[in-house]
Amino acid sequence: MKRIKIILFLTFVFAGNLIISCDSTTIQEIQPVVTNPTYNNDIKPLMTSKCTSCHSANGENPALTNYAEVKDAIENGSVLCRIQNNCGDVMPPSGKMSQGLIDMIINWKNQGYVE
């Protein structure tokens, strides 16, 4: 009986550590960072899903619908400032992007905006 209690106790402690040690709450947060992003494969789909509903060619906000517009917005600092919540309201309005997505954009910038 004592062995069973010890086994149950150790199982509970071990399982509890697994649950407590996991910091991520969504699949998006635990996805690996894209280390060699390109505009067409990675950045454009992200911009389409997160940005173009507000930032489109016919919208009130500056457009983020093509390579040149996105590159310019990242080069001038406005995109990174807003998505990292370092200035003004965080973008997108639905909430801050995961750090993995932000890092992907930073990688794209640092690697010379590969198309």
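This passage walks through the predicted model, from overall fold to helices, pocket and backbone oddities.

The model is a prediction, so local features are taken at pLDDT of at least 70 and side-chain atom pairs at pLDDT 80 or more, while totals for chains, interfaces and linings use all residues. Residues are numbered from 1 along each chain as its sequence is written, and side-chain values use heavy atoms, with hydrogens and water left out.

On the secondary structure side, the chain comes to six helices and zero strands, where helices (H or I, at least four residues) and strands (E, at least two) are DSSP runs numbered from the N terminus. Read from that end, the order is simply α-α-α-α-α-α. Of the 115 residues, 27% count as buried; here buried means under 20% relative accessible area, exposed over 50%, and partly exposed in between, using a 1.4 Å probe and protein chains only. Take the contacts (heavy atoms within 4.5 Å) between residues at least 6 apart in sequence, and 57% of them join residues at least 24 apart.

Helix α3 (39–50) has a clear inside and outside. Tyr39, Asp42, Ile43, Leu46 and Met47 are its buried residues. These cover an arc of only 120° around the axis, so they sit on the same side of α3; the arc is that of the directions from the helix axis to the C-beta atoms. An α-helix has 3.6 residues a turn, so residues three or four places apart point the same way. Asn41 and Ser49, on the other side of α3, are exposed. The cover over the buried residues of α3 includes α4 and α6 (99–110).

Just ahead of α3 comes Thr38, placed in the loop between α2 (27–30) and α3. Thr38 is buried, at 17% relative accessible area. At the start of α3, one of its side-chain oxygens reaches to within 3.2 Å of the backbone nitrogen of Asn41. That makes it a polar contact, meaning a pair of N or O atoms within 3.5 Å; within protein, one must be able to donate a hydrogen and the other to accept it, and residues adjacent in sequence count only if both atoms are side-chain atoms. Leaving out residues up to four places away in sequence, Thr38 touches Ile43, Trp108, Val114 and Glu115.

Helix α4 (67–75) tells a similar story. Tyr67, Val70, Ala73 and Ile74 are buried in α4. Their arc around the axis is only 140°, which puts them on the same side of α4. There they pack against α3, α5 and α6. At the start of α4, a side-chain oxygen of Asn66 comes to within 3.1 Å of the backbone nitrogen of Ala68. Just after α4, Gly77 takes a positive phi of about 90°.

The largest pocket holds about 330 Å³ of space. On a 1 Å grid over the protein atoms alone, a pocket is an open set of points with protein on both sides within 12 Å along at least five of seven lines, and lining residues have an atom within 4 Å of a point; a cavity, by contrast, is a set where a 1.4 Å probe fits but cannot get out. Points are joined across faces, edges and corners, and a volume is the space filled by probe spheres set on them. The lining counts 19 residues, with His55, Leu64, Ser78, Val79 and Met91 nearest the centre. Helices α3, α4 and α5 (78–83) each supply at least two of the lining residues, and α5 gives the most, with four. By class, the lining has 13 nonpolar, three polar and three charged residues, where Ala, Val, Leu, Ile, Met, Phe, Trp, Tyr, Cys and Pro count as nonpolar, Asp, Glu, Lys and Arg as charged, and the others, Gly among them, as polar.

His55 belongs to the loop between α3 and α4 and is buried, at 18% relative accessible area. Its side chain reaches the backbone oxygen of Pro62 at 3.1 Å. Beyond its neighbours within four places in sequence, His55 is in contact with Asn61, Pro62, Ala63, Leu64, Thr65 and Met91.

Met91 turns up again in the backbone: a cis peptide bond joins Met91 and Pro92, with omega about -5°. Pro92 is in the loop between α5 and α6, and so is Asn85. Asn85 has a positive phi near 65° without being a glycine, and is partly exposed at 43% relative accessibility. Tyr113, in the segment after α6, also has a positive phi, about 55°, although it is not a glycine; Tyr113 is buried, at 8%.
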